[in-house]
Amino acid sequence: MLVFKAVKVWAAIILLACLAGASPAAAAGVEVKTYTLKNGVELLVLPDHRAPVVTHMVWYRVGSADEPEGLSGVAHFFEHLMFKRTKRLKDGEFSKIVAENGGQHNAFTSYDQTAYYQSIAADRLPLMMKLEADRMVNLNLKPKDIATERDVIIEERRMRVENNPSALIGEQMMAMLFMAHPYGTPVIGWKSEMEALSYDAVMDVYRQFYSPANAIVIIAGDVEPDAVRQLAEKTYGRNRGPKAEPRQRRAEPPALAARRVVMEDSRVRQPEWERVYLAPSYRAGESKHAPALSVLAQLLGGGPTSRLYRRLVVDDQTAADAGAYYSGTMYDLGQFGVYAMPAPDSDPARVRQSLAAAEASVDAALAELLQNGVEAAELERAKRRLRADEIYARDNLMTLAQAFGRALTAGLTIEDVLGWPDRIMAVTAEDVRAAAQAVLRPEGSVTGLLLPKAEATKP
Amino acid sequence: MKRLILALIVLLAGVLPARAIDIQTIDVPGVGTAWLVENHSLPIIAIQAAFRDAGTAQDPQAKEGTATFVAGLLNEGAGDMDAAAFQQRLEELAIEMSFSAERDESFAFMRTLTENRNEAFRLLGLALTRPRFDADAIERVRKQLFAAVAQAEQTPSAVAAKRWYAAAFAGHPYARPKEGDAASLKAITRDDLSAFAASHFARGSLVIAIVGDVTPEEAKALMAGAFGALPEKATPTPVAEVKASPPAGIEVVARPIPQSTIVFGHAGIKRDDPDWYAALVMNYTLGGGGFSSRLVNEVREKRGLAYYVYTIFAPFDHAGIMLGSVGTQNERAAESMAIIGTEITKLRDQGATEAELALAKKYLTGSYPLSFASSGKIAGELVALQLDGFAPDFVAKRNAYIEAVTLADVNRVAKRLLAPENLHWVVVGAPDGVTSTVPAKK
């Protein structure tokens with residue numbers, strides 16, 4: 001099997017992220033120490049002494065879904081501005097200090113969270129904590145700082161979305177899937193709204209969401225928990241701020257109609273078919289189905305032994321690749337997606353036929369699953385695979401820290417994360433069938449077809 | 001067995017625990033030497049293997065894509081297991097196994113839970129020594145390669161890179177796209193695929209690093225089982241030394257996209273060049289240093305012209321290149337290009353400052369331990385070192401090489417290596433006021 005470099009999951013674009021988080025992973029064997037500082041900062045320490053390095057992450061419970069209406073992209077824009085000056089540091093000094101200490105750093109924004117991180121030699125941790133604690137409350141942004149950075153995020157949008165027809169149809173599909181809830185708005189923002197983001201709008205994000213009580217600090221690596229706690233008291237512990245306010249998002253009305261999005265674009269060389277269903281997450285909706293949906297995504301579309309791959313790529317030969325995914329670590333509703341990539345073709349009429357054939361294959365596979373359920377052997381394989389993924393996740397400090405950070409900012413608890421493997425192993429064939437029946441409903445779905453435009457000229 | 005204890009020394013002011021990464025070299029009977037880092041804190045074993053002179057530069061003429069095609073087929077059935085049986089076995093035991101081809105080498109990567117190590121190594125060995133190349137698997141992977149080619153064709157950065165390599169290495173195997181094109185992929189037969197595997201996957205070309213929950217004795221047995229049945233010697237096609245020499249100038253590839261995606265570059269140096277470390281330090285200042293580089297500062301921070309801009313020095317076995325990239329809205333693409341040209345000229349003519357030198361050295365030495373932060377990273381790093389011809393003690397020495405670089409060295413290599421007038425620019429998009437000054441290579 002050829003491993004496609006960009007396995008596409010239209011639904012979940014995490015900006016600036018280097019890694020896609022696994023499921024709420026992590027596990028039984030993970031040693032995690034947790035503390036809550038007096039000002040509300042949650043501190044997690046994950047000791048790992050294999051190498052003298054540490055990953056330091058600060059997560060804030062604010063993502064694009066927390067933005068005021070009409071200001072799409074402001075959470076992500078603000079994330080960029082966190083690298084500007086503070087009351088103590090000049091513009092550019094933050095990055096310089098991290099670099100001269102041999103650190104790598106970055107940040108990312110998603111629907112439910114914004115995170116900042118450094119990977120660095122373990123003895124540099126105190127300095128990193130001081131820097132992050134400083135910008136949590138002491139950012140000294142000036143109105144003149146924002147204009148060039150706004151141009152940068154618009155270039156980021158051009159690169160990620162507008163230069164890429166596959167990303168463009170993904171935006172259209174999400175906007176259709178979520179009729180009211182802000183998950184329908186792209187994390188990076190709509191261009192017209194990004195262009196108008198003001199100094200006041202970004203400062204409102206800072207004032208409302210960047211406070212100790214809204215922050216989670218995760219430190220994974222070659223450290224001793226008690227020493228880290230003392231450092232945290234001396235740095236983050238000195239910050240003051242308001243209590244965290246409950247997150248208020250618009251509720252999603254009942255989905256009553258199957259929707260279809262067809263996009264023709266002259267730039268398309270590789271047609272795509274995808275369907276995304278509204279689904280419960282590990283926190284919201286009928287969340288009892290969430291572990292079974294993780295298992296379902298694996299056995300339906302996790303690699304070359306999965307049902308969709310076997311049917312579309314091997315048996316029916318209606319696609320070059322096919323798969324499924326479940327985005328379940330969300331504060332509100334999640335998504336369950338299935339996709340297929342038919343053979344490339346520049347003739348729109350033929351592409352329509354091949355997309356229809358791929359869709360028929362997917363529908364047949366889903367119908368069979370809904371009718372006959374799953375077999376014991378494939379269920380066992382999927383569960384073991386997920387369990388192994390969780391052990392593999394522990395091999396990488398960033399992956400491990402991300403699993404906890406994503407889960408906690410999506411409203412889950414440490415117990416949810418630690419108990420996840422057991423919940424996966426307890427999933428039965430009946431659970432999978434019940435979850436499939438609850439989620440794979442046409443009226444809760446958007447189907448997207450991406451194809452070349454008629455006037456496309458051959459390269 | 002030679003056993004070397006190496007300290008990862010971080011040459012920074014201040015205290016740092018001199019933690020050892022213990023690289024053992026082990027002699028695998030009938031296979032050769034492998035590097036091992038033993039660590040029993042997680043029940044995971046990771047292995048990376050590389051075959052020298054087995055990359056896409058070895059693709060036969062008009063059969064471009066062969067090495068990539070072979071890599072795609074290695075987990076599609078081996079021995080008496082067809083694709084379904086082989087993949088099902090991997091899945092049941094949660095074994096991760098993947099293969100890939102770069103320009104000079106082919107790679108295998110595997111990660112397994114300790115409890116499944118015997119079967120995992122047996123399957124890896126089968127994949128490399130007895131791949132089946134069944135007809136249905138070949139057609140499946142061929143289709144996937146067509147899709148990969150189509151995807152690359154609609155990805156501006158891939159289009160730009162492909163055109164740049166075509167221009168820089170015209171007439172040399174490095175000029176050809178790694179995944180081939182629709183015509184070459186159509187022409188590849190089963191015989192081509194099995195001939196490629198038979199003539200390139202051999203013990204004499206093999207480089208291995210194994211990391212994790214395994215003892216030296218176990219590792220020897222596992223690897224002897226996996227690789228022992230490979231033929232002794234490969235018979236690769238000789239690849240000529242070449243100097244990247246794209247025509248100086250601009251090549252516009254018209255595409256209806258709002259952001260011009262630009263790749264620029266000229267000749268660089270190979271890994272064994274005595275100026276390698278000075279070049280690394282110099283490039284950090286120019287465009288290698290993330291948020292700290294001159295290009296990021298001028299193009300992104302000061303002017304908001306791009307989300308990303310960077311330069312790298314990339315070494316191949318037979319050539320070296322300096323390559324950079326930037327993405328800027330069509331209306332301002334010319335401005336980005338002008339600034340990049342100015343900055344390269346400035347660094348060449350006026351050199352770097354002591355402060356820039358110090359920052360580059362601090363980052364490059366201080367961040368070295370991050371290359372060893374997971375089993376997969378360690379295995380990858382140790383294979384890369386072996387491919388470059390280093391001994392295990394390189395890990396302890398490496399930062400001293402960086403420390404030894406002086407400002408005079410940086411300024412000298414800037415003059416030697418930077419040649420803004422020789423840059424070949426590929427601009428994919430609809431840039432305002434930018435037109436082709438050199439013809440495109442086929």
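**A conversation about chain B and its contact with chain A**

Modeller: In this predicted model, let us begin with Ala46(B), which touches Phe109(B), Met110(B), Arg111(B), Ala209(B), Ile210(B), Val211(B), Ser375(B) and Gly376(B), leaving aside residues up to four places away in sequence.

Colleague: Where does Ala46(B) lie?

Modeller: Ala46(B) is part of strand S4 of chain B, which covers residues 44-51.

Colleague: And does Ala46(B) count as buried or exposed?

Modeller: Ala46(B) counts as buried, because its relative accessibility is 0% and the cut-off for buried is under 20%.

Colleague: You listed Ser375(B) among the contacts. How many residues apart are Ala46(B) and Ser375(B) along the chain?

Modeller: They are 329 residues apart along the chain, yet their C-alpha atoms are separated by 6.1 Å.

Colleague: Let us turn to strand S7 of chain B. Which way do its side chains point?

Modeller: The side chains of S7(B), residues 96-101, alternate. Met97(B), Phe99(B) and Ala101(B) point to one face and are buried, whereas Glu96(B), Ser98(B) and Ser100(B) point to the other face and are not buried.

Colleague: What is the general pattern in a regular strand?

Modeller: In a regular strand, side chains alternate between the two faces of the sheet.

Colleague: In which sense do S7(B) and S8(B) pair?

Modeller: S7(B) pairs with S8(B), residues 106-113, in the antiparallel sense, over six bridges. The two strands form a hairpin, with four residues between them. Within this pairing, Phe99(B) stands opposite Ala108(B) of S8(B).

Colleague: Now the interface, please. How many residues does each chain bring to the contact?

Modeller: Chain B contributes 73 residues and chain A contributes 68 residues.

Colleague: What area is buried between them?

Modeller: About 6,300 Å² is buried between chain B and chain A, and carbon and sulfur atoms give 57% of that area. On the side of chain B, Glu91(B), Gln154(B) and Tyr307(B) lose the most area to chain A, together 12% of what that side buries.

Colleague: How many salt bridges are there between the chains?

Modeller: There are five salt bridges between chain B and chain A. One of them joins the side chains of Glu301(B) and Lys84(A), at 3.4 Å from N to O. Across the interface there are also 21 residue pairs in polar contact.

Colleague: Which element gives the largest share of chain B's side?

Modeller: Helix H4 of chain B, residues 135-153, gives the largest share of the side that touches chain A, with eleven residues. By class, that side of chain B has 34 nonpolar, 24 polar and 15 charged residues.

Technical notes: Residues numbered from 1 in each chain as written. Chains lettered and ligands numbered in written order. Predicted model: local features only at pLDDT ≥ 70, side-chain atom pairs only at ≥ 80, totals over all residues. Heavy atoms only, no water. Contact = heavy atoms within 4.5 Å. Buried area = accessible area lost by both parts, 1.4 Å probe. Salt bridge = Lys/Arg side-chain N within 4 Å of Asp/Glu carboxyl O. Polar contact = N/O pair within 3.5 Å; in protein donor to acceptor, adjacent residues only side chain to side chain. Nonpolar A, V, L, I, M, F, W, Y, C, P; charged D, E, K, R; others polar. Buried < 20%, exposed > 50% of the residue type's maximum accessible area, 1.4 Å probe, protein only. Pairing = 2+ DSSP bridges.
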